[in-house]
Every structure is written in C-alpha cells, then in structure tokens.
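The exercises below concern one protein chain with a bound ligand. Each task is followed by a solution in steps.

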Amino acid sequence: MKFRKLGRTGLEVSCVGFGALPLPGLDEEGASVVLNTALDCGMNFIDTARSYRESEELVGKAVHERRGEFYLATKARTRREDQIMEELETSLGFLKTDRFDLYQLHFVNSEDDLEDVLSCDGALSVLKKIREKGIIDHIGITGHDPDLLMKAAKTGEFDTVQGALSYIEKPQAALDLVEYCSQNDIGFIVQKPLAGGAIVNARSALKWILQHPVSTVIPGMMLKNQVIKNAAVADEDYSLTGREIDELDGIIAGLDKDFCRRCYYCHPVCPENIRIGVILEFFGKARFPENIPVGRRWYRDYKINASNCTECGLCMAECPYELPIIDLLKEAHVLLKDPQGHQDPQGHQDPQGHQDPAK
Ligand code: SF4
Ligand code: SF4
C-alpha cells in the first residue's frame, strides 16, 4: 500500500481507501469480511456517512476493535446546531468511537447551501466548536459540483474536499479543483471513481485517478476479492497501457447518450422536489442486471420518486446535456419500482443484492 498526505491534516492515508456507502447491501458477516480485508490490505481510511443507511453501524460492529489502525471519516447532511449534535452523537454510537479524524459537511450542492454553511451561525461554525472539544479533528466538505467545491476550497475553511472524478467524468473544473487542493494543502478525496459502475475495469479506473495529485480514492466495495484487487492497484505503476486507454475510451464512446452526469443542475427547479440525478444514477446502475436488486432497495425509500413527475419540463431546460428527463424518469420508475415481486430481465428478485449501486 502507498500512502499520501491528506492535505494540511498531516494524516498519511492509504491512496486507496474504503468507501462504505454500499455496505448496507451486505449482512454483518459480509461487511466484517470486506472491512477487515481492507485493513489487512493496508487501507487505513474508511469513509462513511450518517445518510448511508446502516453503513456506520456495520463499520462500527466490524472494526471498532481495530480503531487504532484506520482514520475514520463520516459526514452529515444536517445544518442546524441541535441536529448536528444529534447526528454526531448517533454516528459516534454506531461507529463505537469517541472521535472522528474527519467530519464532513455532506452534499453541499447549491450556492444557497454553501452560503448557509459558511454563515456566522452556520454548520461550519458549529463544527469548529465541536472540534475545539476534541470530538472531531478535521473538517471537510463534500459535493458534486466542482465549481461550487472550488468556491468552498478557496475560503480556506476546509481541511478536505470530497468530490467525484473518473476517466469518464473528468470535467476541467474537477481537474482544476484537484490541482487547487493539491497546491493549497487541502486533502482531496475522490468519490465515484468508477462513474457509478459505468467503468467495469476498476484497475484502470483507479490507476488513472492515482496519476493525479489526489489524497485518496474511495471506491465502494462489497466483495473481498474487489478489496484485494483494488488495494493492489496502489502499488502498481499508474500509467495506462494503450489497450486500457482504448477500453476506457470505448466505454465513453459506448455510453448511452442519455447518461446522467449527476451535476444536479436540474434539482433546484423541480417543483415536486424530485431528486432527478439521484434517481437517474440508480437507473444507470440498474442497467447492469446485477445492480437491479440493490437499486430497487434504495429507490423504495424515496417518498418522492419519479412517479411524482408532473411533466412540467422545467428540469429539461436546465440540463446541460439535454437529456430527455421526463422519459428517463418514466423508464426509471418502471425498472426500479416494486421491489417485491417484480422480475428483472435476468430474473433477480432479491432486494438484498450484493453489488454496489454507488461505485
Ligand atoms: S418535468 Fe418532472 S422532474 Fe422535471 S421539473 Fe417537472 S416535475 Fe420535476
Ligand atoms: S438530468 Fe441533466 S441536469 Fe440533471 S443531474 Fe443529470 S445531467 Fe445534470
């Protein structure tokens, strides 16, 4: 395993870390196997979140006795002081720890939210107070809009930034953000390195990311073998062969023209508050049959789902990729609804699937 500095935190984190989002697709035993394998392979950075369903609980049960062997990061989407305290206490309890190495403001995806977070009585000031008490060591921010994350980074307030980057989704803004963070001693944590499952060859995807000055990349993993293979990439030469580049370019060329890039520009305008990009992300993953069960499991928790679309069309005017969102939502709903009994094309029925919906 190779290690890189997590910006000004000074923490030396494994360049391949563990993204714990998909853990709820496993039972306790399965989660314990993959997490302990990750630590055995030298991964020393585990990233989870309050909103990843049972993820924190599974991490806590599986590896709390090895707490000294890894840095622990979690995150919360709440912004008010009382809610943050409540979430923090819950996370501490589930993760069976008394402190976090990194606590991140999760899912900051709009100017308004960033402004709110940075306001004098906002979430950042609350976290700073908590940091003074020694419950959290460092403060980070996560989001999906590289331009917005750049604004956040430039405030100088955050120790880390977590955002998406992959060979398929590598807008210049994301690459600029990685470079800015590197030059300004801010740790950059890469999420979605496999572009939501579009890249099947994790090895070449991770190698490409590790060519950049990121601190760590955190693929979601649900199989012991995936963990071992991903950890091994850390020690490789990160250059890509012509064949690997051709394969990755082939994926881009073959990508559905309706591939949702999850920029979320459409979200603020939806009067029904439908999480369009999130639903289309599940839909994209569910095009791989093995991902259908877990995609349905996540979808069924959405009280406002694609069926709430009134076809007003406001979102389509915002989509930079001109996606036919209304039609896509209809297709998504047909595929993702009815987790009990709906037969997918490959005959999978079990919502307790074992594949990652959020790589
Ligand atoms: S068309 Fe549907 S998803 Fe788009 S903004 Fe209107 S209600 Fe929301
Ligand atoms: S539907 Fe379009 S605007 Fe909405 S998240 Fe996807 S790519 Fe972005």
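**Exercise 1. Strand pairing in the sheet**

How many bridges join strand β9 to β10, and do the two strands run parallel or antiparallel? Continue from this pair to the rest of the sheet.

Before the steps, some conventions. This is a predicted model, in which local features need pLDDT of at least 70 and side-chain atom pairs count only at pLDDT 80 or more, while totals for chains, interfaces and linings use all residues. Residues are numbered from 1 along each chain as its sequence is written, and chains are lettered from A and ligands numbered from 1 in the order in which they are written.

Step 1. Strands (E, at least two residues) and helices (H or I, at least four) are DSSP runs, numbered from the N terminus. Two strands pair if DSSP finds at least two bridges between them.

Step 2. Strand β9 (residues 187-191) is joined to β10 by two bridges, and the strands run parallel. In this pair Ile-189 stands opposite Thr-216 of β10.

Step 3. The open sheet has eight strands in the order β3-β4-β5-β6-β7-β8-β9-β10, with parallel pairing. At its edges stand β3 (18-19) and β10 (216-217); each has a single partner strand, so one side of each is left without a neighbour in the sheet.

**Exercise 2. Strand β7**

Describe the partners of β7 and explain why β7 is largely enclosed.

Step 1. On one side, five bridges join β7 to the parallel strand β6 (residues 100-105). Gln-104 is placed opposite Gly-140 of β7.

Step 2. Three bridges join β7 to strand β8 (residues 160-164), again parallel. Here Ile-141 faces Val-161 of β8 as its opposite residue.

Step 3. A residue is buried if 20 or more other C-beta atoms, placed from the backbone, lie within 10 Å of its own, exposed if 12 or fewer, and partly exposed in between. Six of the seven residues of β7 (residues 136-142) are buried, so the strand is largely enclosed by the rest of the structure.

**Exercise 3. Domains and cores**

Locate the domains and list the residues that touch the most other members of the largest nonpolar core.

Step 1. The chain is divided into domain 1 (3-246) and domain 2 (256-359), with bounds that come from an automatic or database domain assignment. Their C-alpha centres lie 24 Å apart.

Step 2. A nonpolar core is a set of buried Ala, Val, Leu, Ile, Met, Phe, Trp, Tyr and Cys residues joined through C-beta atoms within 7 Å. The largest has 84 residues, and Phe-18, Val-59, Ala-152, Val-161, Ile-209 and Val-217 touch the most other members. Helix α8 (residues 202-210) gives the most to this core, five residues. Apart from it lies another core of 23 residues, which include Ile-274, Ile-276, Ile-279 and Phe-283.

Step 3. Two residues are in contact if their C-beta atoms, placed from the backbone, lie within 7 Å. Leaving aside neighbours within four places in sequence, the contacts of Val-59 are Ala-20, Leu-23, Leu-35, Ile-46, Thr-48 and Leu-95.

**Exercise 4. Ala-231 and the chain start**

Which residues is Ala-231 in contact with, leaving aside its neighbours within four places in sequence?

Step 1. Ala-231 lies in helix α9 (residues 224-233). With 23 other C-beta atoms within 10 Å, Ala-231 is buried.

Step 2. Its contacts are Met-1, Val-16, Cys-41, Gly-42 and Met-43. Met-1 is 230 residues away along the chain, yet the two C-alpha atoms are separated by 6.8 Å.

**Exercise 5. Two positive phi values**

Compare the settings of Arg-53 and Lys-192: is each buried or partly exposed?

Step 1. Phi of Arg-53 is near 50 degrees, a positive value in a residue other than glycine. Phi of Lys-192 is also near 50 degrees.

Step 2. Arg-53 is in the loop between β4 (45-47) and α2 (55-63), and Lys-192 is in the loop between β9 and α8.

Step 3. Arg-53 has 17 C-beta neighbours inside 10 Å and counts as partly exposed. Lys-192 has 26 other C-beta atoms within 10 Å and is buried.

**Exercise 6. The ligand shell**

Which element gives the largest share of the shell around ligand 1?

Step 1. A residue is near the ligand if its C-beta atom, placed from the backbone, lies within 6 Å of it. Of the 16 residues around ligand 1, Cys-270, Cys-309, Cys-312, Leu-314 and Cys-315 come nearest.

Step 2. The elements giving two or more residues are α13 (314-318) and α14 (325-336). The largest share, three residues, comes from α14.
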